[in-house]
Amino acid sequence: MARRRERVDRGIKVRSEDVYALTSWREMLYLAAPRVLPVVALFVLGMTASVYWERVLVSTCMFAMLAISWDVLNSAGMVSLGQALFFGMGAYIAGTLNHYLGLGPWLTLPLATLGGGLVCTLVLLPVLRLRGIYFAMVTLILPLMIERVIEATKIFGGTEGLSGLTPLGSEHVQFLVALVAVWVALYGFRRMMGTDYGLLLKGIKDNDRAVMSAGINIYWYKAQALFLASAVGAFAGAFMTHAYQFVGMPVFALDYSIMPIASVAVGGMGTLAGPMLGSFILVPLSELLRGLGGLRTVIYAVILVACTVGLPEGVFHYLARKYTQFERWAEVDK
Amino acid sequence: MLAVKELIVFYENAIAVNDLSLEVKQGQIVGVIGSNSAGKTTLMNTISGLILDMRLKERRKGGQRITVMGQVFFEGADISQTPAYERARAGIVLCRERHPIFPDSSVVENLKIAGYLRTRAQVRQGLEQAFALFPNLARWRRRKAGFLSGGEQQMLAIGMALMVGPKLLLLDEPLLGLSPAMQTQLVEAIKEVSSRTGVTLVIAEQFARPLLPWLDFAYVIENGMLTLTGPGPELMTNPEIKSAYFGV
């Protein structure tokens with residue numbers, strides 16, 4: 001008798017998610033655990049960790065926000081290679097506001113978030129009509145260009161940067177702000193992608209001409225998505241400026257463009273949670289390997305390759321499938 | 001020449017082809033007639049080996065699991081696990097549905113790309129043959145293939161498949177999206193291909209009316225299962241076929 005492996009949705013998944021009739025604590029827990037547990041775990045982890053690891057977690061949160069913003073852009077059909085543009089723009093806006101005007105972090109953070117989003121959107125507005133690789137190329141070049149402009153014109157401190165900026169408060173305060181920000185970004189965008197608005201963005205990615213023929217101005221919606229995504233990136237930049245009390249040319253470095261994409265590749269795209277999970281794997285990992293000296297990058301790259309070859313769908317997709325489905329042998333009857 | 005034995009194909013838990021057996025003899029024109037979602041394309045993909053590729057890709061990205069059971073025999077040898085490119089070398093050539101061509105290349109370039117496996121002399125011969133079979137293509141030989149009409153693109157796709165030098169040519173929905181006039185024209189061309197090159201043909205199609213009278217043998221499938229078999233002209237008179245496919 002011939003047999004084949006069969007994938008079946010777990011009964012509890014069907015009951016609690018599809019039918020949506022919660023009748024027991026177990027079903028509620030099944031729904032709530034993957035959503036609430038990471039929030040609690042991360043909070044406890046950060047509050048109990050040493051100062052060094054708490055700082056690592058803070059920067060991980062910021063990388064996660066960049067990765068989420070990449071995924072939002074990608075869901076709307078814009079492949080970006082320049083998360084550094086958003087990051088750097090937010091960082092410099094917050095830095096200059098603080099340095100020249102003396103505004104405190106609680107004012108510069110929102111201003112840099114909105115302002116950074118606005119500036120990035122305006123800068124990229126002319127290239128919104130480009131698709132795929134062309135859009136990606138423009139976004140890749142822009143941050144590198146701005147870096148050189150700052151170096152050449154010596155504005156905003158030039159190569160020295162601006163230092164001695166106002167700190168954000170104690171380690172715990174920083175961590176809590178970062179944590180709240182990343183969870184708001186994740187769950188906010190996840191909710192957004194579930195609404196009709198998110199559906200429209202996904203439609204633009206799938207088939208922009210079909211969306212156009214439905215009488216919808218896709219460039220207006222792309223600009224909105226771009227604003228939302230770049231605002232999130234700009235917040236990360238502004239936050240790190242105050243966390244490091246310094247802003248300089250490195251904020252436009254390629255790291256801030258590549259790391260989010262690597263996180264997406266490891267975590268799995270399209271879910272927003274995947275990229276975040278990816279950053280929480282990659283950034284601490286790169287810190288762990290710091291003790292290895294020169295071989296660090298090599299080992300890091302090997303792990304990255306192993307992840308993308310072994311689990312091309314992404315860690316999150318894999319875990320989600322295991323959580324919602326199980327497999328069994330089924331006999332093939334004719 | 002070709003034999004499919006007890007073929008079963010699952011896409012995850014959905015069954016696409018259910019215990020299907022068919023046989024094709026040298027030089028025949030055989031039709032696989034069925035409505036949408038009957039499993040025609042899956043059958044064609046399985047015979048040509050594309051399904052192995054799809055299965056691998058889906059497995060890599062953790063998507064749908066494709067299960068293939070049963071055997072495909074070509075000239076007596078079991079080719080169930082042979083990859084698509086080796087099947088093409090052995091002479092099984094598939095012309096996929098919706099006339100896939102390279103839209104940015106010219107007609108001649110398209111045909112030359114398809115002749116990748118052939119020698120220079122064979123390519124020249126193949127070009128002549130394609131232009132003789134489809135005079136319309138000769139008229140537009142330097143034109144970008146993307147600018148051809150649907151019917152011409154279909155002719156080009158068949159011409160490309162012939163360039164490979166098939167022993168067994170699989171045509172997946174060749175009449176799709178063509179006007180009735182174009183359909184009869186294409187059926188004439190297909191008949192000519194068969195008589196001129198002696199190639200064995202398997203045609204999957206849902207527009208049975210223009211095709212059925214010329215089929216040496218036809219398999220009617222529904223939901224992946226065989227429901228009727230017989231020579232084409234004989235099926236023409238079958239009342240079930242009449243009501244299901246001709247709307248009489």
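The exercises below work through the sheets, helix packing, chain contact and domains of a two-chain model, each with a solution.

This is a predicted model, in which local features need pLDDT of at least 70, side-chain atom pairs count only at pLDDT 80 or more, and totals for chains, interfaces and linings use all residues. Residues are numbered from 1 along each chain as its sequence is written, and chains are lettered from A and ligands numbered from 1 in the order in which they are written.

**Exercise 1. State the confidence values for chain B and for the complex.**

Solution. Start with pLDDT, the predictor's confidence in each residue, from 0 to 100. Chain B averages 90, and 100% of its residues score at least 70. For the complex, the predictor gives an ipTM of 0.74 and a pTM of 0.86.

**Exercise 2. Lay out the four-stranded sheet of chain B and find what packs on it.**

Solution. Step one is to fix the terms. Helices (H or I, at least four residues) and strands (E, at least two) are DSSP runs, numbered from the N terminus. Two strands pair if DSSP finds at least two bridges between them.

Step two is the order. The sheet is open, runs S2-S1-S4-S5 in chain B, and is paired antiparallel. Strands S2 (14–24) and S5 (77–78) of chain B are the edges; each has a single partner strand, so one side of each lacks a neighbour in the sheet.

Step three is the pairing of S1 (residues 2–11) with S4 (residues 66–74) of chain B, which is antiparallel over eight bridges. Within that pairing, Ala3(B) has Phe73(B) in S4(B) as its bridge partner.

Step four is the packing. Helix H2 (residues 50–60) of chain B packs on the sheet and touches S1 and S4 of chain B. Its direction makes about 160° with that of S4(B). Contact here requires C-beta atoms, placed from the backbone, within 7 Å. Axes are lines fitted to C-alpha atoms, for helices over the stretch in contact, and angles run from 0 to 180 degrees between N-to-C directions.

**Exercise 3. Place strand S3 of chain B in the six-stranded sheet and say why it is described as largely enclosed.**

Solution. First, the order. The open sheet of six strands reads S6-S7-S8-S3-S9-S10 in chain B, with mixed pairing. Its edges are S6 (92–95) and S10 (225–230) of chain B, each with a single partner strand, so one side of each is left without a neighbour in the sheet. From one strand to the next, the twist averages 20°.

Next, the partners of S3(B). Five bridges join S3(B) to S8 (residues 200–205) of chain B in parallel, with Gly31(B) opposite Ile203(B). Four bridges, also in the parallel sense, pair S3(B) with S9 (residues 217–222) of chain B. There, Val30(B) stands opposite Phe217(B), and Gly31(B) has Ala218(B) as its bridge partner.

Last, burial. A residue is buried if 20 or more other C-beta atoms lie within 10 Å of its own, exposed if 12 or fewer, and partly exposed in between; C-beta atoms are placed from the backbone. Five of the five residues of S3 (residues 29–33) of chain B are buried, so the strand is largely enclosed by the rest of the structure. Ile29(B), Gly31(B) and Ile33(B) point one way, and Val30(B) and Val32(B) the other way.

**Exercise 4. Describe the crossing of helices H4 and H6 of chain A.**

Solution. The axes of H4 (residues 83–101) and H6 (residues 133–153) of chain A come within 7 Å and cross at roughly 35°. Ala84(A), Leu85(A) and Gly88(A) in H4(A) meet Thr139(A), Leu142(A), Pro143(A) and Ile146(A) in H6(A). The contact divides into five nonpolar, two polar and no charged residues. In this scheme, Ala, Val, Leu, Ile, Met, Phe, Trp, Tyr, Cys and Pro count as nonpolar, Asp, Glu, Lys and Arg as charged, and the others, Gly among them, as polar.

**Exercise 5. Characterise the side of chain B that touches chain A.**

Solution. Count first: 11 residues of chain B are in contact with 12 residues of chain A. S1 and S4 of chain B each supply at least two residues of the chain B side. That side divides into three nonpolar, three polar and five charged residues.

**Exercise 6. Analyse the contact between the two domains of chain A.**

Solution. The domains are 1 (65–253) and 2 (255–324) of chain A, with bounds from an automatic or database domain assignment. Their centres, taken over C-alpha atoms, are separated by 21 Å. In the contact, 19 residues of domain 1 of chain A meet 15 residues of domain 2 of chain A. On the domain 1 side, the largest share, seven residues, comes from H3(A). That side divides into 13 nonpolar, four polar and two charged residues.
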